[in-house]
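Hi,

Here is the structure I promised to pass on. Have a look at it first, and then read on for what turned up in it.

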Amino acid sequence: VNFALYANGFTFVSDGREHSFSVSPFTLVRNCKFHTPTGSGVDLTDFKCFKVSLFTHGVCFYFGIWAASEAREREAEDMRSRWVVDISRAVRLVTQSLFPPFQVSCQPLPHVPSTRKRLMGGYLAHHEDAAVFSVLYCELHPQDELFGKLLFYESETCQACLFELRVTELTTCCEKIGISCSCFSVDDHLFSARSLAERRLWLRAISNIKVKLQNHAPCPTDAELTAYRVAIEEHLWQSKALLPARASLEP
């Protein structure tokens with residue numbers, strides 16, 4: 001096939017037909033390997049393969065570079081690596097373009113009482129259905145006796161809560177596996193953070209609440225809330241070097 005990558009998507013030509021697809025924050029790319037022939041009997045053991053998954057659409061494409069001989073295996077491996085890195089960079093570029101400028105905040109808003117228990121807040125892309133996702137402001141609240149909470153607003157002013165998710169000791173939090181992927185799920189809800197580092201921060205903070213619930217920790221005091229915020233802010237500073245600048249398609 002003839003494959004072409006653009007700033008916001010890719011095309012490929014197969015059997016004389018061109019197929020075009022846009023990438024989104026919910027696009028995964030990663031290396032893969034086939035150890036046995038495919039269902040149609042094609043032997044791909046001599047190909048350096050990678051996959052591009054538009055998983056919210058239920059679509060996954062596999063591409064491969066033929067290593068015609070042992071001497072060309074390194075060349076095929078290098079070419080696959082370039083494709084995977086460039087596609088993941090395009091996904092990051094699209095993802096970052098969707099978020100407004102913001103800093104993750106651990107401090108409550110002075111004139112918004114509902115934010116008094118905020119541990120951290122920031123924007124996340126929330127998958128609505130196969131064709132729709134929205135960028136919402138998310139605020140994490142600590143555990144009470146039964147659950148913690150993720151509150152979602154239209155913006156960082158936090159004027160009206162659109163919906164909330166409860167975090168319990170049984171809540172499932174999973175990251176999606178892909179090169180530089182910033183997607184994760186909380187139970188049945190799928191999210192994308194602005195960057196891989198911010199995804200790690202969200203998952204770590206949510207997991208800490210789950211641990212406290214599993215250990216039947218009481219509601220935190222004001223002093224404990226302050227300590228939690230300081231710990232998150234320290235982690236933010238430590239990971240600041242890992243927060244990439246806005247992605248570029250330049251080599």
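Asp86 and Arg89 sit three residues apart in helix α1, which is about one turn of the helix. Please keep in mind that this is a predicted model. The two side chains form a salt bridge, and their closest N and O atoms are 2.9 Å apart. What about exposure at the two ends of this pair? Asp86 is partly exposed, at 30% relative accessible area, while Arg89 is buried, at 16%. The cut-off for buried is under 20%, so Arg89 with its 16% falls on the buried side.

There is another pair of this kind in the helix. Asp78 and Arg74 both belong to α1, which covers residues 70-98, and they are four residues apart, again about one turn. Their side chains meet in a salt bridge at 3.3 Å, N to O. Here Asp78 is partly exposed, with 32% relative accessibility, and Arg74 is exposed, with 60%. The line for exposed is drawn at over 50%, which is why Arg74 gets that label.

Elsewhere in the chain, Arg166 has a salt bridge with Glu164, the closest N and O atoms being 4.0 Å apart. Glu164 counts as partly exposed, at 35% relative accessibility. Some of the bridges also share partners: Lys48, Glu73, Glu77 and Arg80 are joined into one network that way. How many salt bridges does a search of the whole structure find? The total is 11. As a general point, side chains of opposite charge can pair when their charged atoms come close.

Now to the strands. There is an open sheet of seven strands with antiparallel pairing, in the order β10-β9-β8-β7-β13-β12-β11. Which strands are at the edges? They are β10 (161-167) and β11 (173-175), each of which pairs on one side only. From one strand to the next, the twist averages 35 degrees. If you want to look at one pairing in detail, try β7 (residues 120-129) with β8 (residues 132-141): these strands run antiparallel and are joined by nine bridges. Gly122, for instance, has Cys138 of β8 as its bridge partner.

Another residue to click on is Phe12, in strand β2 (residues 9-14). Is Phe12 buried or exposed? At 9% relative accessibility, Phe12 counts as buried. Leaving out residues up to four places away in sequence, Phe12 touches Asn2, Phe3, Arg17, Glu18, His19, Phe21, Phe61 and Phe63. As for Asn2, it is 10 residues from Phe12 in sequence, and the C-alpha atoms of the two are 5.3 Å apart in space.

Last, a pair of helices. Two packed helices are described by the angle between their axes and the distance between the axes. For α2 (residues 196-214) and α3 (residues 222-238), the axes come within 11 Å and cross at roughly 150 degrees. Angles over 145 degrees count as roughly antiparallel, so that is how α2 runs relative to α3. The crossing of α2 and α3 is right-handed. On the α2 side the contact is made by Leu201, Arg204 and Lys212, and on the α3 side by Tyr228, Ile232, His235 and Leu236.

Cheers

Key
Residues numbered from 1 in each chain as written. Predicted model: local features only at pLDDT ≥ 70, side-chain atom pairs only at ≥ 80, totals over all residues. Heavy atoms only, no water. Helix = DSSP H or I, 4+ residues; strand = E, 2+ residues; numbered from the N terminus. Buried < 20%, exposed > 50% of the residue type's maximum accessible area, 1.4 Å probe, protein only. Pairing = 2+ DSSP bridges. Axes fitted to C-alpha atoms, helices over the stretch in contact; angles between N-to-C directions. Contact = heavy atoms within 4.5 Å. Parallel < 35°, antiparallel > 145°, perpendicular 65-115°, else oblique. Left-handed = near helix turned anticlockwise from the far one by under 90°.
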